[in-house]
Amino acid sequence: MFALLIPLLFPQDLPADARTAAWQLHQEAPPSSAIWVQRWKACPQEKKGHLFDAIIRSQSKTDLKEFLQQITEEEQESFSKSLQEDYRRLQIRHEILPATNGERLYRVLQQEIARGWVASPQHFLTLLKKFPSLRSPLLEQRVAHGFPAEPLRTFQEIEKGSWTAGQRALAALLLLDSGNTQAQHAITVWETWVATPLSSRQSQLLEDGLYRHVFLLNPQSIVPALENASTSALTRAWNFLLKAPAALNHDLLLSAAFSPKQPEALRSKAILILLRGQGEQTAQELLPLLRSGISPTLLQSLLAGYRSWANTPGLTLALQKLLPSMRRPEAALTIELLLSANSGVHHAELLKNLAPFKANERKRIAQASWFSRQDSSLLPVYWSWTQQIASDWQTLARTVLREAIPEEEIANGYAERIANAPTLALRLALLKSLRMYRTDAALIVYADWLQSEEGRHHPQAAEMASALVPEEGAQGLFLSWWENQKNLTEAQLDWAAMALTPSHQEARVRLYQRWEDFTDQKRIPTLVRLGEKSTLADYKEWVQLLLDETASDVVRRMTVVQLTKALPASEIELLQIFPALLNRTKMSSLPNGPWTNLLTAIGQVGTPLLREKAQEFLEQLGAKNDPRYELRAAWYRGRSASPDPDHFSTLLQELRTELEALYQPLLADGLPDTRAIKRARPLFFPVLQTFEAHGTPSADALFLEILPSSAIIGSRELLWITQKTLGDSWPLSKAFLREFLEATEPRFSPLRENLAKENPLPFPLHTQAESFYQALEAEYNLGNPVRHSELQERARLAVKRWPMDRRAFLWSGWLHLAALDLPQATADFHAANKRSGFHPYTTLESRLGLSMIRQVEAPSSQALQDFLLKESQASALLKARLPDAFQPVFIPYRALLPQEE
């Protein structure tokens, strides 16, 4: 009886489009798989394929196991090839393993595993027994997901004697990921990975697993596998060990560094890792390598590694002995170390002999000297470099002087040296270098020289003065040129007129008179200067320039910018452009010009009248579905950038009309018209973006009225655009789209919302340091006190995992500081400081942490405030490291931070 009611309850005539049919079935919402069994039986044979396609799209969250079991093999054979694939895929996902179709099911099972499908633990164990040939891919897709207690016991009891070595290693890794922390499993994974030929997939999985469980390994357990490994396996193993924690690799790396049997590249990497990450232990142990006869590659690695440990006892003496016999690159590193060690070497003498070195080597040496001592007695040496004409020496002097003395003193020093320079070439080199400081004091000295007799008559005076046009401090220079025009070149007078234009009418007249002689490179700054204090006469000139088809595109685009910046004063002149354009149309096409730029600018900053005329202009060009999509797209891009609340209701209606007009040609006989969609896409996106920019509840509700009946529903491409465009301020439309896509798109469609997968392991584990620290910072910034102990554990593991990375010690320091464990926090920040080199920027965070500790130890002191005054960049960093809820101990000190305006 119930079967007779099925056609009445559920209409059999589904829409021809699979997506629309799936949405109709989704809205019916049958409560169970049994209902689908009855409907399936009542459906005519010729329509069962279409019904099945709609069901598998719409019922993604319904248990279809009973329904799938009712489909006979004959009915399945009547499906299309793609539907047969879907049928077998659903069988697998609903844990149905029929006796027939074994070969086909096997192929689909392979595909599902390759796509990333992970079976439930019980289903996994069933498949493992039923399909021995799929044992490897099943284990590979299960790794890192682990087992609950009961399936874990079953998995351990499986006889694995016939398994391959790679499969047994994957099983051991799976036990580790399930919470079994026996070191023997980690050793099995290590030995198999090193000694056994594996597929690239298995090798990568085992390597990732070793990173996750690296703390279960020990030096004694990893050495035997290395002794009998092949060359390629040995290279792979050493690459792993180079990234391993210090507790595991210290002795091995130290042995490799001293072993002449090891490849030189490996020894070099071992030296760098030992010194950069474990310098406290190994800086003294590696000193015997600094002897005569060492290869240049190893010597460079040693010198680069000792940068963070320049004060190691005995290092200075060893370097001084080797320095006379070194090549240039190693000598540069050595001098840098000697200067940064601050161990009694004569800085001035070393700095005077930099000529043989390259520019970047000189820069590092000079910075090491100043940042290690900051001794004013070295200033004469730095100033002596300015007497060199070569640009690299001038750059070297600037590098140190801008850090060493105030800008006024720098400008005075350059002024004195310019006045006393024996040659014009040196004066020009000093002036060019002075200009690179970009300070007000330097500008005055630069302008004074151009105002002098020599400067005015120099052949490059006009070019040198062109950079000073926008500078207020250079107005005196250009005024003196303008008042004494005799013997000045036309180019000099042009730049003077350009600088004086905002306040001198004669200068403006000259610019218009000289316009035809200017190049585009000169016309652009001319328009900018004219626009700073424009008049009605300027607007008339600019409109004519905009309509001039012989002018270059870049100049006409700049004209659009200047005209729209002058609104509302330029409104009357801009209104004349639209009639002129309409009169110039030929064969329904506009003359060449920046009309998209014009419409975008008017849509963004135009007056109400100007926007109205622009809209009328677009309507007069043609129907709503005309091919001029780029003009209307530009118009709506401008509208989206500048919402108009005074005309909000009118705008919504306008946008609704535009969208509905867009939808009409996109459907042909109820199905999407692919060609029409392709033509409309460039316009659809900015229209939708404009709609979203005015995102209020009323706009959201209005769009939701349009959405279900629009062509968006029938077009996968428009669905993608809509999903990407709508923001979170549109909850109604977003919710509808999410539900619609979930009900109508295949399971692997990129349009489906990607739900975040829960990490099956105890906490996020990362093989890359960058992703680890990003996740740690995100958790830290949440300011949740409950997570403090977990974050401390992560920081502790990071110190062991990446001992050469200063970020590990910085985060450990902040977390210990939050818990008021001041001794440990102090040790962490000092450790980070040692791994940061000598540059103040790289040591900023560690020095900030130490000043914070001093402030907490002595609340009445000014330690933190003094530090923030000295280091202006530290305020923003401190603010990011002190979330109130997470570190209440720091709340009293937040008053020292810059306040929001």
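In which loop is Pro568 found? In this predicted model, Pro568 occupies the loop between α36 and α37 (571-575). The peptide bond that leads from Leu567 into Pro568 is cis, with omega near 5 degrees. Most peptide bonds are trans, and most residues other than glycine have a negative phi.

Two residues depart from the second of these tendencies. Arg438, which is not a glycine, has a positive phi of about 55 degrees. Arg438 is placed in the loop between α27 and α28 (440-451), and it is exposed, its relative accessible area being 62%. For Leu820, phi is near 60 degrees, again a positive value in a residue other than glycine. The loop that holds Leu820 runs between α49 (806-818) and α50 (822-834). With a relative accessible area of 43%, Leu820 counts as partly exposed, because this value falls between the 20% limit for buried and the 50% limit for exposed residues.

Helix α36 (residues 553-565) contains Val555. The relative accessibility of Val555 is 0%, and the residue therefore counts as buried. Beyond residues up to four places away in sequence, Val555 touches Trp515, Asp520, Arg523, Ile524, Leu527 and Leu545. Pro594 is 39 residues from Val555 along the chain, and the C-alpha atoms of the two are separated by 9.8 Å.

Arg435 belongs to helix α27 (residues 424-435). Although charged, Arg435 is buried, because its relative accessible area of 15% is under the 20% limit. When residues up to four places away in sequence are not counted, Arg435 touches Leu443, Tyr446, Ala467, Leu468 and Glu471.

Helix α27 also takes part in covering α25 (residues 391-404). The 14 residues of α25 reach 20 Å from the first C-alpha to the last, close to the 20 Å expected at 1.5 Å a residue. The buried residues of α25 are Trp393, Gln394, Leu396, Ala397, Arg398, Thr399, Val400 and Leu401. Their cover includes α23 (359-373), α24 (379-384) and α26 (407-420) in addition to α27.

A second helix examined in this way is α13 (residues 183-195). Its 13 residues should span 18 Å at 1.5 Å a residue, and the end C-alpha atoms are 18 Å apart, so the two values agree. Buried positions in α13 are His185, Ala186, Ile187, Val189, Trp190, Thr192, Trp193 and Val194. Among the elements that cover them are α12, α14, α15 (219-227) and α16 (231-242).

Two of these covering helices, α12 (residues 165-177) and α14 (residues 200-212), pack against each other at an angle of about 30 degrees, with axes 10 Å apart. Their crossing is left-handed. On the α12 side the contact is made by Gly166, Ala169, Leu170, Leu173 and Asp177, and on the α14 side by Gln202, Leu205, Leu206, Gly209 and Arg212. By class, this contact has 5 nonpolar, 3 polar and 2 charged residues.

In soluble globular proteins, nonpolar side chains tend to be buried together. The largest nonpolar core has 188 residues, of which Phe155, Trp190, Tyr306, Trp385 and Phe478 touch the most other members. Apart from this core lies another of 34 residues, including Ala769, Phe772, Trp802 and Phe829. Outside its neighbours within four places in sequence, Tyr306 is in contact with Leu275, Ala283, Leu286, Leu287, Leu290, Thr312, Leu315 and Leu337.

Definitions and conventions:
Residues are numbered from 1 along each chain as its sequence is written. This is a predicted model: local features need pLDDT of at least 70, side-chain atom pairs count only at pLDDT 80 or more; totals for chains, interfaces and linings use all residues. Side-chain values use heavy atoms; hydrogens and water are left out. Helices (H or I, at least four residues) and strands (E, at least two) are DSSP runs, numbered from the N terminus. Buried means under 20% relative accessible area, exposed over 50%, partly exposed in between (1.4 Å probe, protein chains only). Contact means heavy atoms within 4.5 Å. A nonpolar core is a set of buried Ala, Val, Leu, Ile, Met, Phe, Trp, Tyr and Cys residues joined through side-chain atoms within 4.5 Å. Axes are lines fitted to C-alpha atoms, for helices over the stretch in contact, and angles run from 0 to 180 degrees between N-to-C directions. A crossing is left-handed if the near helix is turned anticlockwise from the far one by less than a right angle, and right-handed if clockwise. The expected span of a helix is 1.5 Å times one less than its number of residues.
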